[in-house]
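Hello,

Here is the structure I promised to pass on to you. Have it open while you read, and my notes on it follow below.

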Amino acid sequence: MNEKALRILEYNKIIEKLVDCATSPMGKALCEKLEPSADLGEICQNQMETSDALSRVYAKGSLSFSGLRDIRDSLLRLKVGSSLSATELMHVASLLEAALRAKSYGRRENDDMNADSLDGFFNAIEPLSPVCREIRRCILSEEEIADDASPGLKHVRRSIKLTNERIHSQLNAMVNSSTVSNKLQDNLITMRNGRYCLPVKAEYRSQIQGMIHDQSSSGSTLFIEPMAVVKLNNDLRELAAKEKEEIEKILADLSNQCAEFQEELSTNITVMSHLDFVFAKANLSRNYNGTEPVFNENGYINIRKGRHPLLDRKKVVPIDISIGRDYRLLLVTGPNTGGKTVSLKTVGLLTLMGQSGLHIPAFDHSELAVYEDVFADIGDEQSIEQSLSTFSSHMTNIVSIIEKSSYRCLVLLDELCAGTDPTEGAALAMAILKNFLKRDVTTMATTHYSELKVFALSTEGACNACCEFDVNTLSPTYRLLIGIPGKSNAFAISCKLGLPNYMIDEAKKFIDANDQSFEDLIADLETSRSTIEKERLEIEQYKSEVSQLKEKLETKQDNLARQKERVLREANEQARKILQDAKDYADQTIRDMNKLAAGKTANMKELEHKRSAVRDKLSKTDERLTLKKDKAKKNRPEDFHPGDSVRVLSLNLKGNICGKPDSKGRIAVQMGILKSMVHISDLELLDEEVIKAPTLKKTGAGKIKMSKSATISTSLNIIGKTVDEAMPELDKYLDDAYLAHLNQVTIIHGRGTGKLRAAVHNKLKKSRYVKSYRLGTFGEGETGVTVVDFK
């Protein structure tokens, strides 16, 4: 890939983000060297490794490579037989600890888990735990070796400790003695040149026998090693040399142990550096919610909801881009700041990322093509030093792209041939784009030239696209619409910004009629597209609702099927028990009859009694097993009269006839507060209860009852009335209904605050001829009505 395109498309910024995701110096170095590949097999392998690492990160969390050290120089020293320092050995131990951590991370919990492309890397890691433990046991820090590192070192250090104690004991005795203490500058023990000394006043130098090692800057104090501790100091020097010798032996022994595993250590560095690099790619993918693209070698790109990875994920608008299948040239038009250049860079950068083995910030199954090279001419390339104008600089770059590009290249051109005469620039741009089309080069370009929009409409292999712009808000939506040429909207934007209408009208006169018609056509297409888009969204919403309803219906049908199966199973079981009971009874009766018949004095009356019992038992069994169905009575219109009590079979509700049947056999039925037209075939006449009494006295009350029966309604509506207004009316209605021999009435009080309903229930509770009352059910008015049954 050419360096210029990588720089223009800001590929280096992606690499910087990738480097931040790596942990070790070697992993960071691999990230810095990452470049796009043109080998499909290599790309697919790298993508697979990134996807497998991302799956492991989501399943187990991130893998830390902290402690991974570059010990390759130390391995070279081991190769020639040199010993390693304590620091180098600690780096080896740190590497092995990181290897053990990675080995544990890569271990699968069970054998049923599917293998992935990283299993081989994790299997190649050798933690060398015994070597690591031995190093940690012997070396406590870069400057401290453990006393137990070897028996010899332990013995030497014990001797050093004892010698130090003897020296301090003798010197303390001298410091504390009356003959010496007054000759000392300070009553303390000091050290000069690695030997213990006393600070003696210069005038008493001859009275303290010993070796002078130093004196103060003023010359008033001499640091003398008393003769009594000279030998002990010499012994201490010898022990220090032995200690150093023992430490060198320990380091040599540890180095020899490491030398035996040079190949394993080298493999650990290589494998773990690669794993750090792979997991850095996975963590980068997780950061911007990336997915693995599908690659092809046919030059086809189909990015679904792609986002520029360097823009804020919460603010960037995803775009859909496809190119290379039905058309090789995509011409993007639209107003400034509408997102044309971002779309161009998104395609180029995602292509580079995908070919580098990185996931791209787009929906699953986005497709990318494998290109040998990517060329880009984006931004202002004006050079003062080279005396090149903007147009000249762009043209120099385009000439280079034409010479180097081929059918396996992606070319991205921003504001093609801008910065010169519009007529000549448009003509030159069409010639350049036609050249790319002839050579089958996948090309994406942005422009403001109207001539290029017509060129894309009339040229095979080319397609228009535009960045959507909301004229009402004077702001871009950053959506890329393929198949529709964009409009500059210069007049609309100027008008919104306050330019007088007469100036805009004057400007329109300078536009050619054909250009004006073309712009109007684009505006009409945009309006039609918006309408179609809204309708499409509505259709998708309807489809979603239909799908949900279908799912609910299927669930309901499944439940009904299960209930039906359960009911049939229970019925069959019950029938089996009934038949078995009858069979057992019959068998017992037959045995009893056989015993009676075998007797010498058979009692015919008793035998007949047994047969009768069996017949009765079988009759009862038959009755229990037989589903009794009432013969459907065919209703006639003349059977129904106003005021008749009926039951609506489909609703299982009682009601009263309110009129006569029409020509279609439908009749009005009042069911509580519900009044509906019901077909006579769905009705069942209810028999009126006959009032019987031992004695009936003929009084004038009979006329009152007949009058009430003819005029009383089956419901009372007291909605909107106060409790004081409603209670007298309710009291009178209950009396009238009871006198009219109504079995059931409905009190319509509404929901409201509930005070009216409470007053009604309180009244009904105290009434002596109310049998029961309840709130209405579904279809009767629910909590807004109370259904009353009389005694």
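How many helices and strands does the protein chain have? There are 23 helices and 25 strands in the protein chain. Please keep in mind that this is a predicted model.

Let's begin with the whole chain. Of the 791 residues in the protein chain, 40% are buried. The accessible surface adds up to about 45700 Å², and carbon and sulfur atoms account for 51% of that surface. If you take the contacts between residues at least 6 apart in sequence, 67% of them join residues at least 24 apart.

Now find strand 14, which spans residues 442–446. Are its residues buried or exposed? In strand 14, 5 of 5 residues are buried. As a reminder, in a regular strand the side chains alternate between the two faces of the sheet. In strand 14 both faces are covered: Thr442, Met444 and Thr446 are buried on one side, and Thr443 and Ala445 are buried on the other.

Which strands pair with strand 14? One is strand 10 (residues 329–333), which runs parallel to strand 14 over 4 bridges; here Leu329 has Thr443 as its bridge partner. Another is strand 13 (residues 409–413), also parallel to strand 14 over 4 bridges, with Leu410 opposite Thr442. Strand 13, helix 15 (residues 422–438) and strand 14 together form a right-handed β-α-β unit.

Next, move towards the end of the numbering. Here 4 strands make an open sheet with mixed pairing, in the order 22-23-25-24. Its edge strands are strand 22 (715–717) and strand 24 (770–775), each pairing on one side only. On average, neighbouring strands of this sheet are turned by 20° against each other, direction ignored. Strand 24 pairs with strand 25 (residues 785–790) in the antiparallel sense over 5 bridges, and Leu775 stands opposite Thr786 there. Helix 23 (residues 755–766) packs on this sheet and touches strand 23 (744–748), strand 24 and strand 25. The direction of helix 23 makes about 160° with that of strand 24.

Last, the cysteines. A disulfide is a covalent bond between the sulfur atoms of two cysteines. How many disulfides does the count give? The count comes to 0 disulfides. Take Cys31: the closest cysteine sulfur, in Cys21, is 7.9 Å from its own sulfur, so the two are too far apart for a bond. Cys31 counts as buried because its relative accessibility is 0%. Cys197 is buried too, with a relative accessible area of 0%.

Enjoy exploring!

How values were computed:
Residues are numbered from 1 along each chain as its sequence is written. This is a predicted model: local features need pLDDT of at least 70, side-chain atom pairs count only at pLDDT 80 or more; totals for chains, interfaces and linings use all residues. Side-chain values use heavy atoms; hydrogens and water are left out. A disulfide is a pair of cysteine sulfur atoms within 2.5 Å. Buried means under 20% relative accessible area, exposed over 50%, partly exposed in between (1.4 Å probe, protein chains only). Helices (H or I, at least four residues) and strands (E, at least two) are DSSP runs, numbered from the N terminus. Contact means heavy atoms within 4.5 Å. Accessible areas come from the Shrake-Rupley method with a 1.4 Å probe; for residues, only the protein chains shown count as cover. Two strands pair if DSSP finds at least two bridges between them. A crossover is right-handed if, with the strands pointing away from the viewer, the path from the first strand over the helix to the second runs clockwise. Axes are lines fitted to C-alpha atoms, for helices over the stretch in contact, and angles run from 0 to 180 degrees between N-to-C directions.
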